[in-house]
Amino acid sequence: YTGSYRASGKSSKQIGPVDEWELIDMQADPAELVNLYGDAFYSEVIVELKRELAAHRKELGVPMEGSGT
């Protein structure tokens, strides 16, 4: 993971729970036109970003979605 990707689960205009993930390569696609989330090539990046998200949520006391807590 090089830090050149941005994972976005929600746009600033969306209201409500996240129902779709996005993975954008900001260097190769600065216009954010191509969602790489479903691309198997990036599966390790996605796993790492989700791991980091879970750690941050736990650190901040934010319940994980679907956990009921």
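**Figure 1. Long-range contacts and overall layout of the predicted model.** Among contacts in the protein chain with a separation of 6 or more, 19% join residues 24 or more positions apart. The protein chain holds one helix and two strands. Along the sequence, these elements follow the pattern β-β-α. The chain has 69 residues, and 20% of them count as buried. About 5,400 Å² of the protein chain is exposed, with 56% supplied by carbon and sulfur atoms.

**Figure 2. The largest nonpolar core.** Six residues make up this core. They are Leu-23, Leu-36, Tyr-42, Val-45, Ile-46 and Leu-49. Helix H1, residues 43–60, is the main contributor, giving three residues to the core. In soluble globular proteins, nonpolar side chains tend to be buried together.

**Figure 3. Contacts of Ile-46.** Residues up to four places away in sequence are left out of this view's count. With that limit, Ile-46 touches Leu-23, Leu-36 and Tyr-37. Leu-23 and Leu-36 also belong to the largest nonpolar core, as does Ile-46 itself.

**Figure 4. The aromatic pair Phe-41 and Tyr-42.** The count of aromatic pairs comes to one. The ring centres of Phe-41 and Tyr-42 are 5.0 Å apart, and the ring planes meet at 80 degrees. The pair is edge-to-face because planes over 60 degrees apart fall in that class. The two partners differ in burial: Phe-41 is exposed, at 67% relative accessibility, whereas Tyr-42 is buried, at 12%. Tyr-42 is also one of the six residues of the largest nonpolar core.

**Figure 5. The salt bridge between Glu-48 and Arg-51.** The model has one salt bridge by the rule applied. The closest N and O atoms of Glu-48 and Arg-51 are 3.0 Å apart. Both residues lie in helix H1. They are three residues apart there, so about one helical turn separates them. Glu-48 is partly exposed, with 27% relative accessibility. Arg-51 is exposed, with a relative accessible area of 52%. Side chains of opposite charge can pair when their charged atoms come close.

**Figure 6. Lys-50 over the ring of Trp-21.** Lys-50 lies over the face of Trp-21. The distance to the ring centre is 5.4 Å.

**Figure 7. The backbone at Glu-32.** Glu-32 is not a glycine, yet its phi is positive, at about 55 degrees. Most residues other than glycine have a negative phi. Glu-32 sits in the loop between strand S2 (22–25) and H1. Glu-32 is partly exposed, at 37% relative accessibility. Glu-22 is ten residues from Glu-32 along the chain. The C-alpha atoms of Glu-32 and Glu-22 are separated by 9.7 Å.

Technical notes:
Residues numbered from 1 in each chain as written. Predicted model: local features only at pLDDT ≥ 70, side-chain atom pairs only at ≥ 80, totals over all residues. Heavy atoms only, no water. Core = buried A, V, L, I, M, F, W, Y, C linked by side-chain atoms within 4.5 Å. Buried < 20%, exposed > 50% of the residue type's maximum accessible area, 1.4 Å probe, protein only. Helix = DSSP H or I, 4+ residues; strand = E, 2+ residues; numbered from the N terminus. Contact = heavy atoms within 4.5 Å. Salt bridge = Lys/Arg side-chain N within 4 Å of Asp/Glu carboxyl O. Areas by Shrake-Rupley, 256 points an atom, 1.4 Å probe, with all protein chains shown as cover. Phe/Tyr/Trp six-rings, centres within 6.5 Å; stacked < 30°, edge-to-face > 60°. Lys NZ or Arg CZ within 6 Å of the ring centre and 35° of its normal.
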